[in-house]
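Here is a short set of exercises to work through with the coordinates open beside you. Try each task on your own before you read its solution.

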Amino acid sequence: MSTTADALRLGNPRLIPLVAHDRASFGGMLISSGLILLLTALWGWRRGERWLWWMYLLGFAPAYAAAIGVHLAVGYTDFHHLTPAMGGAALLTVGLSLGREYLTRG
């Protein structure tokens, strides 16, 4: 942010707790999403497990759409900042495309 904690406190004393809350919730979301993805990939990935493919699509696609959409809506479109989200969305698309036939057909 190219500033100091003191400068942020001067601007608004509630800004630092807001940023800390944002970072903590983002970190928690990453950990929980990562665990869900890991555990289902290790033990749920079997031929014909249609529910898994739909869970990935209906769970992760809206999350990526919201995360990227919010950045676009507020004008925070820095390439380096959006690269991880765009890369994750691309990997999700590739994974869903490659796994669709295996998971949705018996």
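**Exercise 1. Salt bridges**

Task: Find how many salt bridges the structure holds, and identify the partners in each.

Solution: Keep in mind from the start that this is a predicted model.

Step 1. The structure has three salt bridges.

Step 2. Begin with Arg9, which pairs with Asp6; their closest N and O atoms are 2.8 Å apart. Both residues belong to helix α1 (residues 5-11), where they are three residues apart, about one turn of the helix.

Step 3. Move on to Arg23 and Asp22, a salt bridge whose closest N and O atoms are 2.7 Å apart.

Step 4. Finish with Arg46 and Glu49, where the closest N and O atoms are 3.9 Å apart. This pair counts because the cut-off for a salt bridge is 4 Å.

**Exercise 2. Buried or exposed?**

Task: Sort the salt-bridge residues by relative accessible area, using the classes buried, partly exposed and exposed.

Solution: You need two cut-offs here: buried means under 20% and exposed means over 50%, with partly exposed in between.

Step 1. Asp6 has a relative accessible area of 55%, so Asp6 is exposed. Its partner Arg9, at 43%, is partly exposed.

Step 2. In the second bridge, Arg23 is partly exposed at 46%, and Asp22 is partly exposed at 37%.

Step 3. In the third bridge, Arg46 is partly exposed at 44%. Glu49 has 21% relative accessibility, so Glu49 also counts as partly exposed.

**Exercise 3. Aromatic rings**

Task: Search the whole structure for aromatic pairs, and describe the geometry between Trp53 and Trp54.

Solution:

Step 1. The search of the whole structure gives three aromatic pairs.

Step 2. Trp53 and Trp54 make up one of these pairs, with ring centres 5.1 Å apart and 90° between the planes. The pair is edge-to-face because planes over 60 degrees apart fall in that class.

Step 3. Compare how accessible the two partners are: Trp53 is buried at 9%, whereas Trp54 is partly exposed at 39%.

Step 4. Look also at Trp45, Tyr56 and Phe60, which form one aromatic cluster.

**Exercise 4. The surroundings of Trp53**

Task: Work out what Trp53 touches beyond its sequence neighbours, and which polar and charged groups are placed against its side chain.

Solution:

Step 1. Place the residue: Trp53 lies in helix α3.

Step 2. Set aside neighbours within four places in sequence, and the contacts of Trp53 are Leu96, Gly99, Arg100, Leu103 and Thr104.

Step 3. Check the polar atoms. A polar atom of the Trp53 side chain lies 2.8 Å from the backbone oxygen of Leu96.

Step 4. Check the ring. The charged end of Arg100 sits over the ring of Trp53, 5.6 Å from its centre.

Step 5. Turn to Thr104, in helix α4 (residues 79-104). The C-alpha atoms of Trp53 and Thr104 are separated by 7.1 Å, although the two residues are 51 residues apart along the chain.

**Exercise 5. The position of Thr104**

Task: Decide whether Thr104 is buried or exposed, and find what its side chain and its contacts involve.

Solution:

Step 1. With a relative accessible area of 9%, Thr104 is buried.

Step 2. A polar atom of its side chain lies 2.5 Å from the backbone oxygen of Arg100.

Step 3. Not counting residues up to four places away in sequence, Thr104 touches Arg50 and Trp53.

**Exercise 6. The nonpolar core**

Task: List the members of the largest nonpolar core, and find which helix gives it the largest share.

Solution:

Step 1. The largest nonpolar core has seven residues: Leu52, Trp53, Tyr56, Phe60, Leu92, Leu96 and Leu103.

Step 2. Assign them to helices: α3 (50-74) and α4 each supply at least two residues of this core. The largest share, four residues, comes from α3.

Step 3. Follow one member outwards. Leaving aside neighbours within four places in sequence, Phe60 is in contact with Ser33, Leu37, Met55 and Leu92.

Step 4. For contrast, take Trp51, which also lies in helix α3. Trp51 is partly exposed, with a relative accessible area of 44%. From Trp51 to Leu103 is 8.3 Å, C-alpha to C-alpha, with their positions 52 residues apart in sequence.

Methods. Residues are numbered from 1 along each chain as its sequence is written. This is a predicted model: local features need pLDDT of at least 70, side-chain atom pairs count only at pLDDT 80 or more; totals for chains, interfaces and linings use all residues. Side-chain values use heavy atoms; hydrogens and water are left out. Rings of Phe, Tyr and Trp (its six-membered ring) pair if their centres lie within 6.5 Å; planes under 30 degrees apart count as stacked, over 60 as edge-to-face and the rest as tilted. Buried means under 20% relative accessible area, exposed over 50%, partly exposed in between (1.4 Å probe, protein chains only). A charge sits over a ring if NZ of Lys or CZ of Arg is within 6 Å of the ring centre and within 35 degrees of the ring normal. A polar contact is a pair of N or O atoms within 3.5 Å; within protein, one must be able to donate a hydrogen and the other to accept it, and residues adjacent in sequence count only if both atoms are side-chain atoms. Contact means heavy atoms within 4.5 Å. A nonpolar core is a set of buried Ala, Val, Leu, Ile, Met, Phe, Trp, Tyr and Cys residues joined through side-chain atoms within 4.5 Å. A salt bridge is a side-chain nitrogen of Lys or Arg within 4 Å of a carboxyl oxygen of Asp or Glu.
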